[in-house]
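Here is a short tour in questions and answers. Keep the structure open as you read.

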Amino acid sequence: MAISENERGIREILAEDRRRMRERDAPFDPVSGLGSVGRRTRLLMEDYPIREQWIPEAMARVPLVRMAAEAGSVRALLERLGSSPEDAEEDRAKVIRQLTEIRIRHDFPFWAASFAYISNKEAGPDVLFRLTRPQRRLVAELEEMRLKDEPIRLILLKARQWGGSTTIQMYMAWLQLTRREGLNSVIVAHQASGSARINAMFEKMLKAYPTELLHPPGEPYSENEPKWVGVGTTGTIHRVPQRGCEINVGTAERPDSCRSGSYSLAHFSEPAYWPDTEGKKPEDIIQAVGGGILYRPMTMIVYESTANGTGGWFHREYEDAKAGRSQFRPLFITWRDIGLYTLPPEDRRAFARELWLGRLNENEPSDREESGAYLWWLWRQGASLDSINWYVHERRKFTSHERMAEEYPSDDVEAFSNSGARVFDRYRVEELRPTCRAPKRIGDVAGRALTGPDSLRDVKFTDNRQDPMYVWAAPEEDAPGERTLNRYLVVMDVGGRSRKADWSVITVYDRLFMTEPDGKPEIAAQWYGHTDIDLLAWKAAQIARYYNDALLVIESNTLETHDVGVEGDQSEFILDQIADAYGSLYARRQSAEEIRNGVPRRYGFHTNTRTKPMVISWLIKCVRERLYVERDERALHEYLCYERKPNGSWGNIDGEHDDILMTRAIGLWVCFNDMEPPRTVRTGSGSGRAPRPRVVGEATI
């Protein structure tokens, strides 16, 4: 008997949920190594204290371990090593110690669960550090870099209260105590209370740590020798004399004690919340403290923080890591990874049915509930039914999705949600990301001159990776005897010439695919930099000429209001000068009276209280419905940093920019509302060139 689509969907959910639960509850034993971090191989020794071990593959390649695996027992191994019967017990103890020391050098989870004591969060005596599932994810990232002989560089975006900081600090201690002598470390916490906790954690761990393991095999030692020695009078620097290493713990409020040290390992905790004042910006502190750490194996830098809104230093660093633009790997730990956040449904099948039937419903029943579509999205992200049921119940504590996301972000986009004033839906913005990519060419265009009519003659593109123009799609030549009209559009937004000023942006749109059903305009190229305003305007004209005499739209506010004394010799007639040399220039609509009275045309797109809401609203629609193809991830960053201000206006978050965004807003408005569809005409000459187009604008396009 055939089953219905709904029944099939419910059964698939239940089957997948069972698989996810098995994966979540898979056995983990750090001592035997079962289910532990990284690639492992089985080591069986019948008379060893741990009969069956799953050891890291790197450890299995050590000669003594290879011999042990082949022997299959300590007794057989001793025979191979030539041990005499009278020395058997002593030699057995030595071999077991040697194999243990080899393992603690290669197996961090084993070392932590065997020798590293930490405070018990549930009160009571100190406990050995056994990694939880999210902590194993973190260690797996660190170990992958170490085992590849890569410098360890990680930016960790995390949910709250799962022990990320503890894991990083214990991993650094493992490197210092087992891997290499002389590895100095620095930890910069947000506040003094955090600094004190870190110091206490290290002191606690070392107090219980076997002194014997701090020394090479056979080296004499005393059980009473000091293992945690203060350096100087600040109380922030301590030394482990047996390993020749120092641990310096400071705060972002008082970072001076951490500066100018010789460090190999650095952990910056909660930098998203560090004070952002003159001389104490997060990037300034990190540069001063960790700038001397060389980019080589057995060095480590970790930025670890919960998010603190969009647009700050930590957000930019994470986005750059995510895009592959920095040294750092990104890692996000969500609430779904944390075992505490689960609640089994009373009726699992009924809950699965409700999830399936509500998967297309975007209605939010109340301020304390999520839509069925959002819960289905959580399922598609990998959440189990237990996790989703917990989320449903926990959500009732909060009066908005944003407040819930601040505490329990479901992905790294939600984590940076700063307020309900965000203009663009973050998930719709993320849907534009798959088409973003590196440019095919980087360089710049130039003609015979920098400005004036000669600048538009013999315009060519030259490759140079230091130049400001990215090209994703070069202009295409028309077939002989034909010309494609209305294909390319160029939009310019004016910034400033200094490095701290707004960016100037010139964006090229290719509208060719708008001739097809569901076809979309695509970002073809973009110039992004700083220069004088007159040079910028002529640069935009050069780019328009290069793209087959494209329609050129110049956002004219800055040109019309610019103070001549600020950035050199500028002229209010610059657009008229360009119009005389370049015919396809966007002009504003004129009233009938202005036409009758012979009022001169005014070129450029003027952004004001009437036109800005118009183009921003259109851009929101274009992003929401994916009406264009984006190529530059910097545009997505600007969307995520754009908000509605308390006075009702729109603008970028303080410290961010909206220059690329405005070329999208103006350009997409013109693409869809001011320009006719692209069309091919016969030129009659066979040259592929038609007569230069006339001046175009709101009234004439």
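**Helices and a sheet**

Q: Which residues of helix 3 are buried?
A: Helix 3 spans residues 63–71. Buried means under 20% relative accessible area, exposed over 50%, partly exposed in between (1.4 Å probe, protein chains only). Helices (H or I, at least four residues) and strands (E, at least two) are DSSP runs, numbered from the N terminus. The buried residues of helix 3 are Leu64, Val65, Ala68 and Ala71.

Q: Why are these buried residues on the same side of helix 3?
A: An α-helix has 3.6 residues a turn, so residues three or four places apart point the same way. The arc is taken from the directions from the helix axis to the C-beta atoms. The buried residues share a side of helix 3 because they cover an arc of only 125° around the axis.

Q: What kind of model is this, and from where are residues numbered?
A: The model is predicted: local features need pLDDT of at least 70, side-chain atom pairs count only at pLDDT 80 or more, and totals for chains, interfaces and linings use all residues. Side-chain values use heavy atoms, leaving out hydrogens and water, and residues are numbered along each chain, as its sequence is written, from 1.

Q: Which exposed residues does the other face of helix 3 carry?
A: This face is turned away from the buried side of helix 3. Its exposed residues are Pro63 and Glu70.

Q: Which residues of helix 6 does helix 5 meet?
A: Contact means heavy atoms within 4.5 Å. From helix 5 come Thr100, Arg103, Ile104 and His106. In helix 6 they meet Phe108, Phe110, Trp111 and Phe115.

Q: At what angle do the axes of helix 5 and helix 6 cross?
A: Axes are lines fitted to C-alpha atoms, for helices over the stretch in contact, and angles run from 0 to 180 degrees between N-to-C directions. The two axes come within 6 Å. They cross at roughly 115°.

Q: Which strands stand at the edges of the open sheet?
A: The sheet has 8 strands in the order 7-8-9-6-10-11-5-12, with mixed pairing. Two strands pair if DSSP finds at least two bridges between them. Each edge strand has a single partner, so one side of each is left without a neighbour in the sheet: these are strand 7 and strand 12.

Q: Which residue in strand 10 is the bridge partner of Ile187?
A: Strand 6 and strand 10 pair in the parallel sense over 4 bridges. In strand 10, the partner of Ile187 is His267.
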